[in-house]
Structures are given as C-alpha cells and as structure tokens.
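The report that follows reads a single protein chain from its sheet outward to its core and its charged pairs. Please keep the sequence and the structure in view while reading.

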Amino acid sequence: MRPLILSTLLMSACTRLVPSTVMRLNGLSPTTADPAGFAIDLALPDGLDVQPGSAQLMFTVTRSDIARTRAGTFILEREGSVFRIAEGDLAELRDLQAQTR
C-alpha cells in the first residue's frame, strides 16, 4: 500500500490531485484492483507533452515467503489526455497480480 501512496505523492509534483481522489487511491490495492480500470488523465501546461510510447507502468511483485520477484513494464496507450494499459497487456498484468496471492 505504501508504494501507491508514494507514487501518488510523486505524481502530485507533476500535476494536481483532488484530495478525495487521494483518499480513494489510499484504499486501493494494486494487487487486486482490475487493471482495466487504471487510467491517468494528465493535464500539462502548453508546450509540455509526453513523448509517444514513453508513458509506462512498471509493476513489481515480490513474494517474500518464496523469495521470488517478478516485474513487468507496460507501455500506456493514449486517448487525448488519458493514458491506459493496452488491452493486449491486461492478461500479463493480471498474471503478475495473481502471483501475490
């Protein structure tokens, strides 16, 4: 849960977050939430933009009980100002999530 809070705080340096959204994110578990619902709506000042193909989600799973770590990097697709995980990558991310259970 702490990595999610840290990610939220780091992103707040780049954008603005509504306090109620931060509270909802605090109750979200990245290991059980449906990745199809993950989305970032990014508003940047004029003249700044995200380079095509450079927006990524890096997801790392560590099982301390069996001393195993797996990670995946997923390029985010863009529709306007909203970034989402590509439909074709959802199964792989769900597999990583399942390894935490």
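How many bridges join strand 3 to strand 4? In this predicted model, the two strands run antiparallel and are joined by 4 bridges, with strand 4 covering residues 82–85. One of the pairings sets Arg78 against Phe83 in strand 4. The two strands form a hairpin with 2 residues between them, and Gly80 in the turn has a positive phi of about 65°.

**The sheet**

Strand 3 also pairs on its other flank in the sheet order, since the open sheet consists of 4 strands in the order 1-4-3-2 with antiparallel pairing. Strand 1 (39–41) and strand 2 stand at the edges, each with a single partner strand, so one side of each has no neighbour in the sheet. From one strand to the next, the twist averages 25°.

Strand 2 (residues 56–63) and strand 3 (residues 68–79) run antiparallel and are joined by 8 bridges. Within this pairing, Phe59 has Gly72 of strand 3 as its bridge partner, and Thr60 stands opposite Ala71 of strand 3. These two strands form a hairpin with 4 residues between them, and Ala67 is found in that loop. Ala67 has a positive phi of about 55° although it is not a glycine. As background, most residues other than glycine have a negative phi. Ala67 counts as exposed because its relative accessibility is 73%, over the 50% cut-off.

Glu77 is placed in strand 3 and is partly exposed, with a relative accessible area of 48%. Leaving aside neighbours within four places in sequence, Glu77 is in contact with Val82, Phe83, Arg84, Ala86 and Glu87. Glu77 and Glu87 are 10 residues apart along the chain, and their C-alpha atoms are separated by 9.1 Å.

**The core and helix 3**

Which residues make up the largest nonpolar core? The core has 11 residues in all, namely Leu42, Ala55, Phe59, Val61, Phe74, Leu76, Phe83, Ile85, Leu90, Leu93 and Leu96. Strand 2, strand 3, strand 4 and helix 3 (90–98) each supply at least two residues of this core, and the largest share, 3 residues, comes from helix 3. In soluble globular proteins, nonpolar side chains tend to be buried together.

Helix 3 lies across strand 2, strand 3 and strand 4, and runs at about 145° to strand 3. The buried residues of helix 3 are Leu90, Leu93, Leu96 and Gln97. Seen down the helix axis, these buried residues fall within an arc of 120°, so they line one face of helix 3. What covers them includes strand 2, strand 3 and strand 4.

Around Val61, a member of the largest core, contacts reach both the paired strand and the region of the helix. Not counting residues up to four places away in sequence, Val61 touches Arg68, Thr69, Arg70, Leu96, Gln99 and Thr100. Gln99 lies in the segment after helix 3, and counts as buried because its relative accessible area of 17% is under the 20% cut-off. With the same sequence neighbours left out, Gln99 touches Val61, Arg63, Arg68 and Arg70.

**Salt bridges**

The structure holds 4 salt bridges, including the three listed here.

| Acidic residue | Basic residue | Closest N and O atoms |
|---|---|---|
| Asp34 | Arg94 | 2.7 Å |
| Asp65 | Arg63 | 2.7 Å |
| Asp95 | Arg70 | 3.4 Å |

Why does the salt bridge of Asp34 and Arg94 tie together separate parts of the chain? Asp34 lies in the loop between helix 2 (19–26) and strand 1, whereas Arg94 lies in helix 3, so the pair ties together parts that are 60 residues apart in sequence. Asp34 is partly exposed at 44% relative accessibility, and Arg94 is also partly exposed, at 36%.

The salt bridge between Arg70 and Asp95 likewise links distant parts of the chain, with Arg70 in strand 3 and Asp95 in helix 3, 25 residues apart. Arg70 is partly exposed, with a relative accessible area of 28%, and Asp95 is partly exposed at 38%. Arg70 is also among the residues touched by Val61 and by Gln99.

In the salt bridge between Asp65 and Arg63, Asp65 counts as exposed at 56% relative accessibility, while Arg63 counts as partly exposed at 21%. Arg63 is also one of the residues touched by Gln99.

How values were computed. Residues numbered from 1 in each chain as written. Predicted model: local features only at pLDDT ≥ 70, side-chain atom pairs only at ≥ 80, totals over all residues. Heavy atoms only, no water. Pairing = 2+ DSSP bridges. Buried < 20%, exposed > 50% of the residue type's maximum accessible area, 1.4 Å probe, protein only. Core = buried A, V, L, I, M, F, W, Y, C linked by side-chain atoms within 4.5 Å. Contact = heavy atoms within 4.5 Å. Axes fitted to C-alpha atoms, helices over the stretch in contact; angles between N-to-C directions. Arc of directions from axis to C-beta. Salt bridge = Lys/Arg side-chain N within 4 Å of Asp/Glu carboxyl O.
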